[in-house]
Amino acid sequence: MSTEIISFEPKYAPAFKALNIAWLEKFFYVESHDADLLENCEQTIINKGGFIFFAKYQDTIVGCFSFIMIDDRIYELGKMAVDPQYQGLKIGQALMDHAVAFARTNNWNKILLYSNTKLENAIYIYKKYGFQEIYLESDTPYERSNIKMELLIN
């Protein structure tokens, strides 16, 4: 059974919030910046030039990620989550494949992301896709961030 990557629709906003809160509470906690983005993702991400995508597996939303606009050719990859019941099915890989292809199709310059080295599997996947560690500013958007990475597209 293959995973389908679909674009944001308002009916999926609760799934976006639930998937992200589940992983945040498992590894960290929900920070105020997270809450702002998740409570009204259409207003805080989509309406500000960003994108949200979902992984659909057997008619169930099982994963997601967002692109938060920094400028018209630089986006932050964030809010990537996969339901633990569906991990091991390469859903994260399908989301990453879509993310990189979408950035290339739209002729972006780069994708940035903030993460934490505690998330070894995620860091491994980002490196596999060509992300490289870059300078982490002191005023990061997330308290949990201890690594910043970028993928140069063009």
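## An aromatic cluster

One aromatic cluster in this predicted model is formed by F51, F53, F65, F67, Y75, F102 and W108. The structure holds 21 aromatic pairs, where rings of Phe, Tyr and Trp (its six-membered ring) pair if their centres lie within 6.5 Å; planes under 30 degrees apart count as stacked, over 60 as edge-to-face and the rest as tilted. F65 and F67 form an edge-to-face pair, at 5.3 Å centre to centre and with 85 degrees between the planes. Both F65 and F67 are buried (under 20% relative accessible area, with a 1.4 Å probe and protein chains only).

## The nonpolar cores

The largest nonpolar core (buried Ala, Val, Leu, Ile, Met, Phe, Trp, Tyr and Cys residues joined through side-chain atoms within 4.5 Å) has 29 residues. Among those with the most contacts inside this core are F65, F67 and I91. Helix α4 gives the most to the core, with seven residues. A second, separate core of 21 residues includes F16, F28, F54 and C64.

## Helix α4

Helices here are DSSP runs (H or I, at least four residues), numbered from the N terminus. The 15 residues of α4 (residues 91-105) should span 21 Å at 1.5 Å a residue (1.5 Å times one less than the number of residues), and the end C-alpha atoms are 21 Å apart, which agrees. The buried residues of α4 include I91, L95 and F102.

## Basis of the values

Residues are numbered from 1 along each chain as its sequence is written. Local features need pLDDT of at least 70, side-chain atom pairs count only at pLDDT 80 or more, totals for chains, interfaces and linings use all residues, and side-chain values use heavy atoms, leaving out hydrogens and water.

How values were computed:
Buried < 20%, exposed > 50% of the residue type's maximum accessible area, 1.4 Å probe, protein only. Helix = DSSP H or I, 4+ residues; strand = E, 2+ residues; numbered from the N terminus.
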